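Visitor: Please bring up the model. I would like to learn to read it, one step at a time.

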Amino acid sequence: MIVPWQEIPPETLDNLIEEFVTRDGTDYGEQEIGTGTKVAQVREQLRRGQASVVFDDVTETISIFTREQLDELNRSSSS
């Protein structure tokens with residue numbers, strides 16, 4: 001279920017975005033980008049609709065997915 005990011009308390013959203021950008025295995029290429037910059041980039045992706053906050057009813061977890069990741073999940077679940 002997609003959760004409107006605007007309805008998430010600001011501090012909670014900040015923590016969620018920070019967890020997302022510092023998650024193990026996240027690759028940002030050859031040039032290292034600071035956490036603050038990454039957080040700002042993800043926040044902008046949320047504003048533009050390029051990313052969404054998703055709550056998983058089964059695992060009762062919340063995470064951020066890019067539009068591409070959501071499209072892939074939708075393709076996988078409809079196969």
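**A buried arginine, and what surrounds it**

Visitor: Is Arg43 buried or exposed?
Guide: Look at its relative accessible area, which is 18%. Buried means under 20%, exposed means over 50%, and partly exposed lies in between (1.4 Å probe, protein chains only). Therefore Arg43 is buried.

Visitor: What kind of model is this?
Guide: Residues are numbered from 1 along each chain as its sequence is written, and side-chain values use heavy atoms, with hydrogens and water left out. Local features need pLDDT of at least 70, side-chain atom pairs count only at pLDDT 80 or more, and totals for chains, interfaces and linings use all residues; the model is predicted.

Visitor: What pattern do the helices and strands follow along the sequence?
Guide: Helices (H or I, at least four residues) and strands (E, at least two) are DSSP runs, numbered from the N terminus. The protein has three helices and three strands. Read along the sequence, the pattern is β-α-α-β-β-α.

Visitor: Which residues does Arg43 touch, leaving out those up to four places away in sequence?
Guide: Arg43 sits in helix α2, residues 35–48. Contact means heavy atoms within 4.5 Å. With sequence neighbours up to four places away left out, Arg43 touches Leu13, Asp14 and Ile17.

**Two helices**

Visitor: Which residues of α2 are buried?
Guide: α2 has 14 residues. From first C-alpha to last it reaches 20 Å, close to the 20 Å expected at 1.5 Å a residue. That expected span is 1.5 Å times one less than the number of residues. The buried residues are Lys38, Val39, Val42, Arg43 and Leu46.

Visitor: Within what arc do the buried residues of α2 fall?
Guide: The arc is that of the directions from the helix axis to the C-beta atoms. The buried residues of α2 line one face of the helix, because they fall within an arc of 135°.

Visitor: Which residues are exposed on the other side of α2?
Guide: The buried residues of α2 are covered by elements including α1, β2 and β3. The other side of α2 is where to look for exposed ones. They are Arg47 and Arg48.

Visitor: Which residues of α1 are buried, and over what arc?
Guide: Against α2, β2 and β3 pack the buried residues of α1. These are Leu13, Leu16, Ile17, Phe20 and Val21. They lie on the same side of α1, because they cover an arc of only 125°.

**The core**

Visitor: How many residues of the largest nonpolar core come from α1?
Guide: A nonpolar core is a set of buried Ala, Val, Leu, Ile, Met, Phe, Trp, Tyr and Cys residues joined through side-chain atoms within 4.5 Å. The largest one has 14 residues, and Leu13, Ile17 and Val21 are among those with the most contacts inside it. Elements giving two or more residues are α1, α2 and β2. The largest share comes from α1, and that share is five residues.

Visitor: Why might such residues gather?
Guide: Leu13 gives an example: beyond its neighbours within four places in sequence, its contacts include Trp5, Ile8, Leu46 and Val53. In soluble globular proteins, nonpolar side chains tend to be buried together.

**The sheet**

Visitor: What is the order of the strands in the sheet?
Guide: Two strands pair if DSSP finds at least two bridges between them. This sheet is open, has three strands and pairs them antiparallel, in the order β1-β2-β3. Each edge strand pairs on one side only, and these are β1 (2–3) and β3 (61–66).

Visitor: How many bridges join β2 and β3?
Guide: β2 and β3 form a hairpin with four residues between them. Glu60, in the turn, has a positive phi of about 55°. Val54 stands opposite Ser63 in β3. The pairing is antiparallel, and the number of bridges is six.

Visitor: What angle does α3 make with β3?
Guide: β1 and β2 (residues 51–56) pair antiparallel over two bridges. Helix α1 (residues 10–22) packs on this sheet, touching β2 and β3, at about 65° to β3. Helix α3 (residues 67–77) touches β1, β2 and β3, and its direction makes an angle with that of β3 of about 105°.

Visitor: How far apart in space are Phe55 and Ile2, C-alpha to C-alpha?
Guide: Phe55 lies in strand β2. It is partly exposed, with a relative accessible area of 27%. Phe55 and Ile2 are 53 residues apart in sequence, yet their C-alpha distance is 6.3 Å.

Note on methods:
Axes fitted to C-alpha atoms, helices over the stretch in contact; angles between N-to-C directions.
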